[in-house]
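Work through the exercises below with the coordinates open. Try each task before reading its solution.

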Amino acid sequence: MIQDARWLAAAASLSARARPASRPNPGVGAILVKEGKVIARGWTQPGGRPHAEAVALAAAGHAARGATLYVTLEPCAHESARGPACADLVSASGIARVVIGCMDPDPRTSGSGLARILRAGIAARHLPSPACERSLSGYLLSKRLGRPEVTLKLALSLDGCIALAGGESQWITGPQARAHTHAMRARADAILVGGATLRVDRPRLDVRLPGLETRSPRRWVLTRGAVPEGWNALPSPEAIFAMEGTQHLFVEGGAGAASSFLRAGLVDRLLIYRAPILVGGRPALADFGLLRLADAHGQWRLTERRQLGSDTLEVYETAKSSEQPLER
């Protein structure tokens, strides 16, 4: 089980290459292992096809016979004009064993993919993998709750400000932190700012990293009014339930938009970039409806901390369960 968990974690890392180009399909990773060595690997291709398992099996060819397939998500079992069901490909491949990191909540596959592989006489099992869950977080949440995963990014001074009192905000953080932000943008399907931020800062919200310029996410603004060409309007945080084809939403600011999403209970992940400066200016958040200090505790868990030049990044995930649908 320890070795299986390690190979699943490796497949989860591999799946990062698929995101977000695999939309509307999830970014899945697959690794074929024989006698302790990787013989092939694959990840979901741009546009969602071929799937990761199909890529890995095609790369391995006849060498797949007797191998173990590690895949982050249950192989699909539904028919599609775009390609065969992966459960059928796996069943006919001659592999000896399959280990799945996450079961697919899509009702067209849920449990059927694993069952079909077992019926083919292949030893197959679901080994719950936190690494695979994290790699598929946007897809799993969209299937379970009907909305994208929301990441809120805040770039702060030590005293919790996002700008000087006069409004100047470029730049709170240094070049390494800004480059990391662009990498996070490249992993998102959509990016959002508040109406005031759009009017005052006129942000581009694109990806400006060499080789990743085409990964710029779709741009949204939190407003009930008109928006410039190339932008989409979101009338309220709750409207994300209608954002079809979006698994990962990246909220960049400002304080009003951030507070609105927190007030609605629709933030799943926090990226807090903290610069070693004091500015005494505009706070990062407005009132988001917290009535008792005691209620603030236990809401977030730290999952990552790293140094980016002189700045520090802290990543927090919500402590609330993602298994139950939110009330709407």
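Four exercises follow, each with a worked solution. The model is predicted: local features need pLDDT of at least 70, side-chain atom pairs count only at pLDDT 80 or more, and totals for chains, interfaces and linings use all residues. Residues are numbered from 1 along each chain as its sequence is written, and side-chain values use heavy atoms, with hydrogens and water left out.

**Exercise 1. Describe the surroundings of T197.**

Step 1: locate the residue. T197 sits in helix α8, residues 195–201. Helices are DSSP runs of H or I, at least four residues, and strands are runs of E, at least two, numbered from the N terminus.

Step 2: check burial. T197 has a relative accessible area of 19%. Buried means under 20%, exposed over 50%, partly exposed in between (1.4 Å probe, protein chains only). T197 is therefore buried.

Step 3: list contacts (heavy atoms within 4.5 Å). Leaving out residues up to four places away in sequence, T197 touches R202, P203, G253 and G254.

Step 4: look for polar atoms. A polar atom of the T197 side chain lies 3.0 Å from the backbone nitrogen of G254.

**Exercise 2. Count the disulfides, and explain the result for C76.**

Step 1: apply the cut-off. A disulfide is a pair of cysteine sulfur atoms within 2.5 Å. The structure holds zero.

Step 2: test C76. The closest cysteine sulfur to its own is in C86, 3.9 Å away. C76 forms no bond there because that is too far.

Step 3: add burial. C76 is buried, at 4% relative accessibility. C161 is also buried, at 5%.

**Exercise 3. Find the largest nonpolar core and its best-connected residues.**

Step 1: define the set. A nonpolar core joins buried Ala, Val, Leu, Ile, Met, Phe, Trp, Tyr and Cys residues through side-chain atoms within 4.5 Å.

Step 2: take the largest. This core has 38 residues, and L32, L69, V71, V90, I95, V98 and I117 have the most contacts inside it. Helix α1 (residues 2–15) gives the largest share, five residues.

Step 3: look elsewhere. Another core, of 25 residues, lies apart from it; V150, L234, M243 and L266 are among its members.

Step 4: inspect L69. Beyond four places in sequence, its contacts include A30, E53, R97 and V99.

**Exercise 4. How many residues of helix α6 are buried, and what do they pack against?**

Step 1: count. Seven of the nine residues in α6 (residues 137–145) are buried.

Step 2: name them. They are S137, G138, Y139, L140, L141, S142 and L145.

Step 3: find their partners. These buried residues pack against β3 (68–73), β4 (97–102), α5 (130–135), β6 (149–156) and β11 (248–253).

Step 4: check the end. G146 follows α6, with a positive phi near 80°.

How values were computed:
Polar contact = N/O pair within 3.5 Å; in protein donor to acceptor, adjacent residues only side chain to side chain.
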